[in-house]
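Me: I'd like to go through a model and ask how its labels are earned. Could you take me through it step by step?

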Amino acid sequence: MVSLTLEQLVIDIPARADGRALSFTIEPGQRWAVLGPNGAGKTTLLHTLAGLRQPRSGRILLNNRPLTDYRRKQLARQIAVVFQERFDGFPATVLETALIGRHPYMAPWDVETDDDMQIARQALAAMSLHSYEDRLVSTLSGGERQRLAFATAKTQQPAVWLADEPTNHLDLKHQVKIMKLLAAEASAQRGICMCLHDVNLASRWCSHAILLYPDGEACWGPADEMLQLPALQNLYDQKLSIAEDNGRRYFVPAETDDA
Amino acid sequence: MPRALAAFAAGGLLAVAGALMQVLLRNPLADPYVLGLSGGAAVAALLSMLAGLPPFAVSLAAFAGALASAILVFGLSHGSGSWTTTRLLLTGVVVSSGWGAVITFMLAVGPTEQLPGMLYWLMGDLAYARSPWPALIVLALSSLILLPLGRSLNVLARGPLQAAALGVAVRPLEWSIYASASLLTASAVTTAGSIGFIGLVVPHMLRLVLGNDQRKILPAAALAGGALLVLADTLARTSIAPEQLPAGVITALLGVPTFLYLLYRSR
């Protein structure tokens with residue numbers, strides 16, 4: 001049971017005023033969506049939460065202990081990050097790539113054990129990549145690489161998941177698959193925080209939301225309170241309209257005269 | 001025999017240094033000289049030749065020159081604040097061409113009777129190799145130290161952010177790669193002059209055969225690089241005997257087509 005707490009946190013975006021300091025806790029089992037227009041600082045926030053960037057002020061606590069008190073390797077056993085951009089300059093197979101998720105658990109001279117292999121293979125199977133084990137990553141499609149990044153993070157067996165645009169490059173079926181994976185992780189009492197562009201994914205899959213405005217303003221709370229038409233129109237500077245289906249509300253960009 | 005051992009050590013050092021630089025710069029086409037080490041070594045070595053110093057002093061000067069160049073490039077690319085691998089690479093390339101100009105200048109003004117010796121040194125020549133032991137010891141020690149780092153290097157090859165998220169202390173690791181690769185290259189240059197292509201081609205070829213697991217690549221590079229340079233040096237001594245060629249000519253003659261072929265094949 002691991003919680004991630006933001007205490008008066010101001011992320012460091014050059015040439016931007018401090019705006020509102022963030023103070024909330026990602027409790028085990030919660031699924032947080034980070035929403036905001038391009039350049040609002042979603043990725044910066046996520047990297048700061050992972051301890052990969054210094055905040056301008058404030059601090060982050062993992063289980064009531066400041067992030068800065070942890071060694072990198074200890075952090076990596078608790079927090080997994082799925083990045084938006086990946087570097088595949090060197091040839092590597094799918095299985096090798098998933099296996100690097102075991103790195104935080106291994107001493108320098110350790111070799112991967114059968115257990116490590118099994119954890120990696122299960123993660124690949126969960127992402128329907130089990131038949132790809134020996135394929136080179138460079139031969140995969142964008143969506144397959146995204147699923148592989150999730151398999152690597154799952155191999156890491158984290159208590160907190162931080163995912164940047166988890167549905168990037170994914171077809172609809174695999175979008176649902178990834179969201180189901182994150183939901184299953186949440187019901188196993190893991191904390192989830194993901195940057196999303198799709199408001200409807202946030203309303204369908206997330207329990208909480210934080211809205212980040214380009215000027216540094218922010219608000220946060222339970223998803224159904226946050227995801228309201230006026231706030232979202234304001235956030236994206238875009239008129240929206242609501243469509244309903246089966247009692248669920250969907251936000252879509254409104255038709256405008258000049259569109 | 002000492003000459004063969006020296007060739008083995010120098011080749012191994014260069015290949016390991018090349019493999020390290022390729023991971024550090026996250027560029028499979030980097031080589032140990034990309035940061036100007038060979039240029040710095042060459043300038044210092046040629047200067048000491050012009051000054052008429054004995055061979056061991058030439059070797060020492062080469063070592064000092066290589067390290068000085070590594071420190072210079074690192075300091076310059078550091079600038080104010082953080083260094084990025086791109087800046088490191090660019091600084092290295094520019095400093096290298098600076099050294100190149102100085103070398104050309106020295107060759108132009110140098111006395112004619114010294115020119116063949118200077119040219120041979122520049123092309124990589126084991127005739128200056130005296131005792132193989134310093135290089136062999138550096139090679140053995142560095143292999144011991146680097147082997148446990150293999151998996152961290154694998155993770156670093158996925159990019160610094162991903163590596164940090166997987167628990168690698170990225171900055172200290174990059175520092176130690178930089179320092180050890182510089183030390184390895186400086187030792188190699190001291191032993192054998194600036195021999196090209198071993199550091200570039202050997203790790204690259206091994207990757208095609210073994211995949212990109214540094215735990216295999218690093219020891220394999222030490223062996224294959226060593227073996228290749230012994231072969232090249234033997235060819236250099238025997239192909240037009242009793243005349244001798246610099247070993248660097250052979251490695252380049254072997255390396256250039258191999259490398260172009262690999263590039264051509266890799267789309």
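Me: How many residues does each of chain A and chain B bring to the contact?

Reply: Happy to help! This is a predicted model. Chain A brings 20 residues and chain B brings 22 residues. On the side of chain A that touches chain B, helix α2 (residues 72–78) of chain A gives the largest share, four residues.

Me: What is the makeup by class of the side of chain A that touches chain B?

Reply: That side has 15 nonpolar, two polar and three charged residues.

Me: What span does helix α5 of chain A reach, and what is expected?

Reply: Helix α5 (residues 142–155) of chain A has 14 residues. The expected span is 1.5 Å times one less than the number of residues. That gives 20 Å, and the helix reaches 20 Å from its first C-alpha to its last, close to what is expected.

Me: Why is α5(A) called largely enclosed?

Reply: A residue is buried if 20 or more other C-beta atoms lie within 10 Å of its own. Eleven of the 14 residues of α5(A) are buried, so the helix is largely enclosed by the rest of the structure. Among them are Leu148(A), Phe150(A) and Lys154(A). The cover includes α4 (114–126) and α6 (172–187) of chain A.

Me: What makes β6 and β10 of chain A edge strands?

Reply: The open sheet runs in the order β6-β7-β8-β3-β9-β10 (chain A). β6 and β10 (218–222) of chain A each have a single partner strand, so one side of each is left without a neighbour in the sheet.

Me: How do you know that β9 and β10 of chain A pair?

Reply: Pairing needs at least two bridges. β9(A) and β10(A) have five, in the antiparallel sense.

How values were computed. Residues numbered from 1 in each chain as written. Chains lettered and ligands numbered in written order. Predicted model: local features only at pLDDT ≥ 70, side-chain atom pairs only at ≥ 80, totals over all residues. Contact = placed C-beta atoms within 7 Å. Helix = DSSP H or I, 4+ residues; strand = E, 2+ residues; numbered from the N terminus. Nonpolar A, V, L, I, M, F, W, Y, C, P; charged D, E, K, R; others polar. Buried ≥ 20, exposed ≤ 12 C-beta atoms within 10 Å, placed from the backbone.
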